[in-house]
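Please find below a colleague's note on the structure shown here. It is set out as numbered points for discussion.

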Amino acid sequence: MYHYTACGLDNIYLKNGYEQKTTPSGNAIAIHDLDGLHKAISKGLANKEASLTPKEFRFLRIELDLSQKALGMLFDKSDQIVAKWEKGETRIPLLA
């Protein structure tokens, strides 16, 4: 199993869909369908019953290709509020 941390989440482990390679620069991992993997992670996060963690919230924002300012505008909040949600300094509203 491969612990996939490049997405910014701590709890993503891959059983398959990747290949370990040795390069002149050292060991490397090649993920076969990165877009599909991120789509599956996003779907899982969107459907989970518990509240999103700050890291999960940030992952989804990035996957939606939204800046903190753009997302804040959608929620009628400032980009600083979105940054605080992502840092865990304030609670993420349930409706978010």
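The points that follow concern a predicted model and take up a buried histidine, the helix packing and two loop residues in turn.

1. His38 is placed in helix α1, which spans residues 34–47. Is His38 buried or exposed? Its relative accessible area is 12%; because the cut-off for burial is under 20%, His38 counts as buried.

2. The surroundings of His38 deserve a separate remark. Leaving aside residues up to four places away in sequence, His38 touches Tyr4, Cys7, Phe59 and Glu63. With one of these, Glu63, there is a polar contact between the two side chains, at 2.7 Å. Both Phe59 and Glu63 fall within the range of helix α2, residues 54–63.

3. Helix α2 has a set of buried residues, namely Glu56, Phe57, Phe59, Leu60 and Arg61. Charged side chains are represented in this set by Glu56 and Arg61. The partners against which the buried residues of α2 pack are α1, α3 and α4. As a further reference for the placement of α1 and α2, the C-alpha atoms of His38 and Glu56 lie 12 Å apart, with a separation of 18 residues along the chain.

4. How do α3 and α4 pack, and at what angle? Helix α3 covers residues 68–75 and helix α4 residues 79–87; the angle between them is about 105 degrees, and their axes are 7 Å apart. Since angles from 65 to 115 degrees count as roughly perpendicular, this description applies to α3 and α4. On the α3 side the contact is made by Gln68, Lys69, Leu71, Gly72 and Phe75, and on the α4 side by Asp79, Val82, Ala83, Trp85 and Glu86. Sorted by class, the contact comprises five nonpolar, two polar and three charged residues.

5. Asp65 should be noted for its backbone conformation. This residue comes just after α2, in the loop between α2 and α3. Its phi is near 60 degrees, a positive value in a residue that is not glycine. With a relative accessibility of 70%, Asp65 counts as exposed, because the cut-off for that class is over 50%.

6. A second aspartate calls for a corresponding entry. Asp76 sits in the loop between α3 and α4, and its phi is positive, at about 60 degrees, although the residue is not a glycine. Asp76 has a relative accessible area of 70% and is therefore exposed.

Technical notes:
Residues are numbered from 1 along each chain as its sequence is written. This is a predicted model: local features need pLDDT of at least 70, side-chain atom pairs count only at pLDDT 80 or more; totals for chains, interfaces and linings use all residues. Side-chain values use heavy atoms; hydrogens and water are left out. Helices (H or I, at least four residues) and strands (E, at least two) are DSSP runs, numbered from the N terminus. Buried means under 20% relative accessible area, exposed over 50%, partly exposed in between (1.4 Å probe, protein chains only). A polar contact is a pair of N or O atoms within 3.5 Å; within protein, one must be able to donate a hydrogen and the other to accept it, and residues adjacent in sequence count only if both atoms are side-chain atoms. Contact means heavy atoms within 4.5 Å. Axes are lines fitted to C-alpha atoms, for helices over the stretch in contact, and angles run from 0 to 180 degrees between N-to-C directions. Angles under 35 degrees count as roughly parallel, over 145 as roughly antiparallel, 65 to 115 as roughly perpendicular and the rest as oblique.
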